[in-house]
Amino acid sequence: MDGRFEGSYLGRDASLADDARMECKICWWVYDPALGDDVWQIPPGTPFSTLPEHWRCPECDGARDQFMVLAEPT
């Protein structure tokens, strides 16, 4: 066991669809590729899997590989 949360994608970018919405397991902030991320200056249309390795949650500074895949769009 590596100590990571079971619901996270564990950093496996290849397993993510380009339109996958991802939720921070700490603060519940949602990364939506259709919106991008203003804080990190990530343009709309950027898949989570192509975010820079140093990217972190803009709300709580949570690690990128600890985000969880949201099953359904809202």
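This report describes the fold, core and cysteines of a predicted protein model.

**Overall make-up**

The protein has 0 helices and 3 strands, and from the N terminus its elements follow the order β-β-β. Of its 74 residues, 36% are buried. Among contacts with a separation of 6 or more, 50% join residues that lie 24 or more positions apart. The accessible surface amounts to about 4700 Å², and carbon and sulfur atoms hold 53% of that area.

**The core**

In soluble globular proteins, nonpolar side chains tend to be buried together. Here the largest nonpolar core contains 13 residues. The residues with the most contacts inside this core are Met 22, Trp 29, Tyr 31, Phe 48, Trp 55 and Phe 67. Leaving aside residues up to four places away in sequence, Tyr 31 touches Met 22, Phe 48 and Trp 55, among others. The contacts of Tyr 31 also include Ala 20, Arg 21, Asp 37, Ile 42 and Leu 51.

**The cysteines**

A disulfide is a covalent bond between the sulfur atoms of two cysteines. The whole structure contains 0 disulfides. Why is Cys 24 not bonded to Cys 60? The sulfur of Cys 24 is 3.5 Å from that of Cys 60, its closest cysteine sulfur, and this is too far for a bond, because a disulfide needs the two sulfur atoms within 2.5 Å. Cys 60 is likewise in no disulfide. The table gives the accessibility of these two residues.

| Residue | Relative accessible area | Class |
|---|---|---|
| Cys 24 | 2% | buried |
| Cys 60 | 29% | partly exposed |

Methods. Residues are numbered from 1 along each chain as its sequence is written. This is a predicted model: local features need pLDDT of at least 70, side-chain atom pairs count only at pLDDT 80 or more; totals for chains, interfaces and linings use all residues. Side-chain values use heavy atoms; hydrogens and water are left out. A nonpolar core is a set of buried Ala, Val, Leu, Ile, Met, Phe, Trp, Tyr and Cys residues joined through side-chain atoms within 4.5 Å. Buried means under 20% relative accessible area, exposed over 50%, partly exposed in between (1.4 Å probe, protein chains only). Contact means heavy atoms within 4.5 Å. Helices (H or I, at least four residues) and strands (E, at least two) are DSSP runs, numbered from the N terminus. Accessible areas come from the Shrake-Rupley method with a 1.4 Å probe; for residues, only the protein chains shown count as cover.
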